[in-house]
Amino acid sequence: MLKIEIDEGSGFCFGVTTAIKKAEEELEKGRKLYCLGDIVHNSMEVERLAACGLITINHEEMRQLRDATVLLRAHGEPPETYALAKRNNIEIIDATCPVVLALQRRIKKQYERSLPSLNVAPPTQPHPTGDMHPSEKGSIVIFGKNGHAEVLGLVGQTHSKAIVIEKFEDVHQLDLNHDIFLYSQTTKSLNEFHRIIEYIKANISPMATFKSFDTICRQVANRMPNIASFAARHDVIVFVAGRKSSNGKVLFNECLSVNPNSYQVESASEIDMRWFAGKSTVGICGATSTPKWLMEECKTAIQCQE
């Protein structure tokens, strides 16, 4: 019989837990509640809350709303979303994670402090030569995933003037002759962020200023070594996470790096019992967007099929 352990350190982070709790509280009042974007990058949890009455909308659909109530998820939103809500008489239930909110304020403060010298091109727009547009005197650079909800909220603090780099290799496209102020999406890899910092330090012009701000959430960052230890002590790892989860990608790759018998699933229906042939122990873990009930469901599914 397989010995199955669920990682106690996996599951919703504080920000996601708070957002879901706020949604549940409003729905229990019988109110019609909209959520701007998936409340969490986990389709099973989104479906559960939809069954409770939560209506997920996108930004275009929000523009059509009037006199409604909209929940902003933990990822945060740019200033334009709040302005739209005010124009359309939309009540905002703000569930932005405090860590993300603090980061937004820091980036906004840096942007305002740098004006008018800071004059960078919009992010995600490559220069015709293949290089990213430099600023005249400095750049706010965000290490994060282009198009991710949190990153859009961060870039919005700079009126879309920040530069986004997704991976270490992108650092070669930065203009290192000018000042750089480096921040990170809260759920990115701490190790990769430090690699980027060391490269810029070693290569930036002596005439330029470089400042980096470690804005990675420690609750998330600390899961890396913990989940690696968990993955190493089991024969097989079942990693439960939505495939849209950035944090899920990072943590699953960490599992895979220490245990090649690691498999990612979104639900119990994706589990293949052949993974466990000849094995003794199974570890079930997940991302900051993975609900505990879903990991329990996966454990039950394995036990029922043994």
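**Exercise 1. Find how many cavities of 30 Å³ or more a search of the whole structure gives, and describe the largest.**

Step 1. The search of this predicted model returns two such cavities. A cavity is a set of points, on a 1 Å grid over the protein atoms alone, where a 1.4 Å probe fits but cannot get out. Grid points are joined across faces, edges and corners, and a volume is the space filled by probe spheres set on the points.

Step 2. Take the volume. The largest cavity has about 260 Å³.

Step 3. List the lining, meaning residues with an atom within 4 Å of a point. There are 21 such residues, and the closest to the centre are Cys 13, Val 16, His 75, Thr 187 and Thr 288.

Step 4. Assign elements, which are DSSP runs numbered from the N terminus: helices (H or I, at least four residues) and strands (E, at least two). α1 (14-28), α5 (98-114) and α10 (246-258) each give two or more residues to this lining.

Step 5. Sort by class. The lining of the largest cavity holds nine nonpolar, eleven polar and one charged residues.

**Exercise 2. Describe the second largest cavity: volume, lining and main contributor.**

Step 1. Its volume is about 60 Å³.

Step 2. Its lining includes Thr 187, Lys 188, Met 224 and Asn 247.

Step 3. α8 (218-221) and α10 each supply at least two lining residues. α10 gives the most, with three.

**Exercise 3. Locate the largest nonpolar core and its main contributor.**

Step 1. Apply the definition: buried Ala, Val, Leu, Ile, Met, Phe, Trp, Tyr and Cys residues joined through side-chain atoms within 4.5 Å. Buried means under 20% relative accessible area (1.4 Å probe, protein chains only).

Step 2. The largest core has 19 residues, and Leu 174, Ile 180, Leu 182, Ile 196 and Ile 200 have the most contacts inside it.

Step 3. β6 (138-143), β7 (163-165), β8 (179-184) and α7 (190-203) give two or more residues each. α7 leads with four.

Step 4. Look apart from this core. Another has 18 residues, among them Trp 275 and Phe 276.

**Exercise 4. Judge the confidence over residues 119-136.**

Step 1. Start with the whole protein. Mean pLDDT (the predictor's confidence in each residue, from 0 to 100) is 91, and 92% of residues reach 70 or more.

Step 2. Over residues 119-136 pLDDT is below 50. Beyond near neighbours in sequence, the stretch has 43 contacts (heavy atoms within 4.5 Å) in the model.

Step 3. Where pLDDT is low, predicted coordinates should not be read in detail.

**Conventions.** Residues are numbered from 1 along each chain as its sequence is written, and side-chain values use heavy atoms, without hydrogens and water. In this predicted model, local features need pLDDT of at least 70 and side-chain atom pairs count only at pLDDT 80 or more, while totals for chains, interfaces and linings use all residues.

Definitions and conventions. 1 Å grid on protein atoms, 1.4 Å probe; cavity = no way out; pocket = protein on both sides within 12 Å on 5 of 7 lines; lining within 4 Å. Nonpolar A, V, L, I, M, F, W, Y, C, P; charged D, E, K, R; others polar. Buried < 20%, exposed > 50% of the residue type's maximum accessible area, 1.4 Å probe, protein only.
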